[in-house]
Amino acid sequence: MIGAVVDEVLKEMENATNEGMKAADDCMDAETGLLVCGNCHTKKQKKISFLGKERVVGCLCRCAAEKLEKERARHEAEENLMRIRQMKSAGLQDRTFYGYTFERCDVSQENAVYAKRYVEHFSEMAQTGQGLLFWGNVGTGKTFLAGCIANALLEKKIPVLMTSFPKILNAIGGLYSSERNEYLASLNRYSLLVIDDMGIERDTQYTLETVYTVIDERYKSGKPFIITTNIQLDALGKPQDLEHARIYDRIMERCMPVFFGGKNYRSELGQGNRDTAKKILTGANDTV
Ligand SMILES: [Zn+2]
């Protein structure tokens, strides 16, 4: 008795569904009695066994399945773009950094090649905490290339923070010490920390202490960082006092110096602490 009722209900549902999905140019397949899409000529119905009976149920024809897949892919791409946009607005602390991309870069210059390779091999660099030190005079493109790296990694949804010491000092200026520690710890949630233009901050005891804390925490986290600076490599190698020495030592240990030589784009890769990193950046490992 109940079986008959269920049967009737199912039949009704079946008819309703099948009627609902019928488009004007669909037709019945004479052999199977199943609905065929008038557009892609594949089945819109199939037979299944349900509660011991054969039933006809709707299914996606090829063109409907393709349409659905296209819609899914479009949605995914949209979400992806939104995520990247969010990451960029959190990670790029200066609007001008948005425009620093490899597409706008003269990739024939050697340093651009190193920067590109750094991005391509970022997982290896991250594993060993290998960073870069872009040094050289003002206007030689250090910030631009560091920005290119930041943007390229963000496009891959790798969290990057590109900031500067004045910005960090400004951010922690009004914080209580517990908040201050929280803020400093938050810097190390990023897979890459780029600190632009080190050395322009005022050289006070407080500033030096903060700069040291940021660098030291980063160093201890084992995650890579990139520094750009106008300070000459000699000065970084022979600091004037102990306060500077403990900062520079950590930078020199983790960051491979890359020289920016000015308008002629003369570049030079300094002796890094790890030969493997140098090989990766110059492509010496690519022979096989
Ligand atoms: Zn179809």
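Me: A salt bridge is a side-chain nitrogen of Lys or Arg within 4 Å of a carboxyl oxygen of Asp or Glu. In this predicted model, which residue forms a salt bridge with Arg74?

Reply: The closest N and O atoms of the pair are 2.6 Å apart, and the cut-off is 4 Å. Both residues lie in helix α2 (residues 62–91), three residues apart, or about one helical turn. Arg74 is partly exposed at 43% relative accessible area, and its partner is partly exposed at 42%. That partner is Glu71.

Me: Which residue forms a salt bridge with Glu76?

Reply: Look again in helix α2, where the two partners sit four residues apart, about one turn of the helix. Their closest N and O atoms are 2.9 Å apart. Glu76 is partly exposed at 48%, and the residue we want is partly exposed at 43%. It is Arg72.

Me: How many residues apart in sequence are the parts that Arg246 and Glu209 tie together?

Reply: Arg246 and Glu209 form a salt bridge with their closest N and O atoms 3.1 Å apart. Arg246 is partly exposed at 30%, and Glu209 is partly exposed at 36%. Because Arg246 belongs to helix α10 (residues 242–254) and Glu209 to helix α8 (residues 205–221), the sequence distance between the parts they join is 37 residues.

Me: How many salt bridges does the structure hold?

Reply: We have met three pairs by name, including Arg74 with Glu71. There is also a network of salt bridges linking Asp216, Glu217, Lys220 and Arg250. For the whole structure, the number of salt bridges is twelve.

Me: Now for the metal: what is the geometry of the zinc ion's site?

Reply: The zinc ion is held by the SG atoms of Cys37, Cys40, Cys61 and Cys63, at 2.2 to 2.4 Å. Along the chain these donors follow the spacing C-x2-C-x20-C-x1-C. Four donors fit this geometry if all angles lie between 85 and 135 degrees. Here the angles are 104 to 116°, and the site is tetrahedral.

Me: Is Cys61 buried or exposed?

Reply: A residue counts as buried when its relative accessible area is under 20%. Another zinc donor, Cys63, has 23% and counts as partly exposed. Cys61 has a value of 3%, so it is buried.

Me: Let's turn to the rings: are Phe97 and Tyr100 stacked, edge-to-face or tilted?

Reply: Five aromatic pairs are counted in the structure. Phe97 and Tyr100 have ring centres 6.1 Å apart and planes at 50°. Planes under 30 degrees apart would be stacked and those over 60 edge-to-face, so this pair is tilted.

Me: Which residue joins Phe97 and Tyr100 in a cluster of ring pairs?

Reply: Phe97 is buried at 5%, while Tyr100 is partly exposed at 22%. Ring pairs link them into a cluster with Phe144.

Me: Which strand holds Phe259, the partner of Trp135?

Reply: The rings of Trp135 and Phe259 are tilted, with 4.5 Å between centres and 45° between planes. Trp135 is buried at 10%, and Phe259 is buried at 13%. Trp135 lies in strand β5 (residues 131–136), so the pair ties together parts 124 residues apart in sequence, with Phe259 in strand β9.

Me: One more: how far from the ring centre of Tyr98 is the charged end of Arg95?

Reply: Elsewhere, the charged end of Lys116 sits over the ring of Phe102, 5.6 Å from its centre. Arg95 sits over the ring of Tyr98 with its charged end, and the distance to the centre is 4.6 Å.

How values were computed
Residues numbered from 1 in each chain as written. Predicted model: local features only at pLDDT ≥ 70, side-chain atom pairs only at ≥ 80, totals over all residues. Heavy atoms only, no water. Phe/Tyr/Trp six-rings, centres within 6.5 Å; stacked < 30°, edge-to-face > 60°. Buried < 20%, exposed > 50% of the residue type's maximum accessible area, 1.4 Å probe, protein only. Helix = DSSP H or I, 4+ residues; strand = E, 2+ residues; numbered from the N terminus. Lys NZ or Arg CZ within 6 Å of the ring centre and 35° of its normal. Donors = N, O, S within 2.8 Å, 3.2 Å for Na, K, Ca; no water. Tetrahedral: all angles 85-135°; square planar, octahedral: opposite > 155°, others 65-115°.
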